[in-house]
Each structure stands twice: as C-alpha cells, then as structure tokens.
Amino acid sequence: MGKYFGTDGFRGEANVTLTYDHAVKIGRFLGWYYGANRGKKCQIVIGKDTRRSSYMFEYALAAGLTASGADAYLMHVTTTPSVSYVTRTDGFDCGIMISASHNPYYDNGIKLLNEKGEKMDEETILKIEDYLDGKTPEPPLAKRGEIGCTVDYIAGRNRYVGYLISLAIHSFRGKRVGLDCANGSSWQIAKGVFDALGAKTYVINAQPDGLNINENCGSTHIEVLRKFVLENQLDVGFAYDGDADRCIAVAEDGRIIDGDLILYIYGCYMKEKGKLTNNTVVTTVMSNFGLYKAFDEAGIQYEKTAVGDKYVYENMVKNGHRIGGEQSGHIIFSKYATTGDGIMTSIKLMEVMLAKKLPLSKLAEPVKIYPQVLKNVRVKSKPEAQNDPDVQKAVEEVAQALGDDGRILVRESGTEPVIRVMVEASSKELCEKYVNQVIDVICAKGHVDLANA
C-alpha cells in the first residue's frame, strides 16, 4: 500500500482527505502517462456511484484527463465491475471508478484499473503518488487539436447488462427474488437483469439521493433484506454494496449467506461439474474455521491470502484457480471477470439453486460457522498500534488460550485508519471476551484516535 492508495484505491472523506485537486492531478497524470508519454492519444473510461461528491470527482478527473490530451468516456452511474468489463473488452488504456464502496456517503474513492480491467499495478500507483507529492514535473498541457474531449458512454453500461444476462443458463421464471441495491450503483442495473431473466423481482433501497448510499441498507446492513425476504416469503434475496462489487445473500428461511458460504456453495457445484480447476478455492485469512472444515469434508482444497480481493485475484491468476473471494461478499469468477461482481454472483447462486432444485438454506447446510466477533478500533497510527510489543503480547496470550479451538486475527484495514480485531471461538461470549482483552490494551497504550473515534 502507498501513501494515498490502499488495497482498494485512494479513499477518504470528500474534500478533506480526498480532494477535487487530487482528482484533477490524477487525471492529469493518467492522461499524460497513457497518452503523450507513449506518443499517442489515449482513451480512459470513468464510472461513478451515487454519492453527491462523485459528480464533482467525475468532472475533476475528466478535466485533468482532457487537459493532458486524453479522451474521457463517461459511463455515469454504474458499477465497479461494469467499468472493469468495459475497460478490458473495449480496448481502453485504463479505467477509473469513483466510489468508496461500503463507506458512508461523505467518503469517496478513486479506483484505478489497468487495460485488463484488473486493479492497477503498484509501480504505476507509486508514480502517481510521486506526482501528487510534487516529486515529478508537471505533465505538459495539451494544445489545439491535442486537447481531449469527453464522450457519453452509457452504451458501455448497456452492453455490460447484456453480458450479465447472457451468463444465465436457466430461466428465473417463477422465482421470487428480493434485491437490496443500497441506494448505490446497482439501482439502475440489478432489477433490469433479473426482470429480463424472468424473475418476480422485489426491490428495496433503489432511490438514491446522493446522501443515502449504504445508509441502513445493502450488504453491510443485511438484517434489512433478511426482514424483507421473510415478510414477503421470497425464495431468495441479494444485497449489494455501494459500487456493487459485493453480494451477500439471504436464504428463504432467513439464513445469511455471506461470502464464505457462497464460496462453499459454488465451489461444491463446480467440483460436481468437473470445473473446479486445481480442485481449489481461494479465500482470505478472514474466512471462518467452519468453511475450511466443510471444504475438508467435501474434498476441496483451499488457499488463504491477505485480506483484499486484489490479493485473491493475484493468487488466482498466478495459480490458475477459477473461484475465490472474501467473507464480505467479494466473489471472483475468473472465467468471466477480473474483479468481484455482486450481480454476477447473484446469477451464479441462482444457477446452483435452479440446477440442483434446492433452496440456498439446504445448499449451505453442511457448513457449521464458528461464532465470530470483529471489532474496529480507530487509531492514530496503524503500524504503531499493530507493532506495539504489549499489543502483540496480548494477541499471543489470546492465541495460546484458544489453542486449536479458535483463532485470533489482528490486522490493519487497507481502506480506513482502523485496526481490526477478530476472534473465532466455540461461543460468542468467548469471542467478545478475547476481542475486548486486546482492544483494552490498544486503548491503554494510547493508540486510539479519540478525536475521530
């Protein structure tokens, strides 16, 4: 991770830690780097979520790009996976998504994608950061006919919708499906896809006003969709985050089907079909003990990466694996996409339900999830808190107390100034006890950022 860019782009409070000026400069650098720097005019596609500040950042990026001679193609409000898809299929030099994903409306982010629709490489990110810090010269301004232009590219979003529809191998006719669009990027796309596939679609949280994205809705507030599914006796529900690269599902009986359970359900389905390459599913260190026990019983191997769909995808590409993801709902199907895609994940889960003629609750039944407690501590310095000897000692003591009956994981967030403390154990009470034990030490050593807690 760099100074500005974390595991999922440059993220911060709009016009506080991520400003209009940052966006103009990022546009200026990218327009030059992929264009005049390589002796050509480049084309870069931009998408955004529904936050009010996304419009400001869209215009700022476009101004920077065109000033450096690039043409900026605007997909307007759309999903991160749609920008990834269009970047790699339409021959763009790179893609930009303006979103802070699951964060509140006042935050925003700039995610950069290479020409393959993958997360931007670290070398290029560091060059951008050097420019932001004034360590490299200003790129030359384009003049006369070299100045770039903006192009309305809503057609790209429409082609992506067609691509999603083409992935379904069964009609959804007769299925009652709930969708929670988080007042975010999926609000114009998800219902259209499910309607086209024949589902009886029930949608909530699809009235964005620029300020209500992720507010008590979407994949981070799954209890809202759970209640909706049960009250309306739906067959299944799917909740997305702000930019729709995550999906958490709700079974017909109200069971929450998180990323771990999705990996199990689709991993087993791929194995049955003879399509689970290397007989391996890629997970992160945050996946639950219960998932690994279920994989062992199913005869499926697994890999563990650092937290972040970027690291999951890197492992998949390096080793040729076909499915991987995170507990939070980022699921990557590498045959079809280079990033997590919430709506695609929904379609794939529907495929398993329809092919096996079973509800999600039955498909997930073999996985017995260990109780887990995860708490975030907002700190002044993530490295100082993480590396404090007393904090490390507290973590070791918990690990010894848990033995083979649980685990503790303490890590820095890649997108926020927080330390995440997670414990899995035989009971929620034990989890709470040991998480609080470590957090008490973090607090006692003065690492907590009380001003912003």
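Aspartate 449 is located in the segment that follows α15 (428–444). In this predicted model, aspartate 449 is buried but forms no salt bridge. Its nearest side chain of opposite charge belongs to arginine 378, at 4.6 Å; a salt bridge requires a side-chain nitrogen of Lys or Arg within 4 Å of a carboxyl oxygen. When neighbours within four places in sequence are set aside, the contacts of aspartate 449 are Arg378, Val379 and Lys380. Arginine 378 thus appears both as a contact of aspartate 449 and as the residue bearing the nearest opposite charge.

With regard to the fold as a whole, the protein contains 15 helices and 19 strands. The radius of gyration is 22 Å, close to the 22 Å given by the globule rule for 453 residues, and the protein is therefore as compact as a globular protein of that length. The C-alpha trace extends over about 65 × 60 × 40 Å along the principal axes. Of the contacts with a separation of 6 or more, 70% are between residues 24 or more positions apart.

Burial and surface composition were also computed. Buried residues account for 58% of the 453 residues, and aspartate 449 is one of the buried residues. The accessible surface of the protein amounts to about 18,300 Å², with carbon and sulfur atoms contributing 49% of this area. The protein carries 54 positive and 58 negative charges, and the mean positions of these two sets lie 5 Å apart.

Terms used
Residues numbered from 1 in each chain as written. Predicted model: local features only at pLDDT ≥ 70, side-chain atom pairs only at ≥ 80, totals over all residues. Heavy atoms only, no water. Helix = DSSP H or I, 4+ residues; strand = E, 2+ residues; numbered from the N terminus. Rg over C-alpha atoms; globule rule 2.2 N^0.38 Å. Buried < 20%, exposed > 50% of the residue type's maximum accessible area, 1.4 Å probe, protein only. Contact = heavy atoms within 4.5 Å. Areas by Shrake-Rupley, 256 points an atom, 1.4 Å probe, with all protein chains shown as cover. Lys, Arg positive; Asp, Glu negative; His and termini not counted. Charge placed at Lys NZ, Arg CZ, Asp CG, Glu CD.
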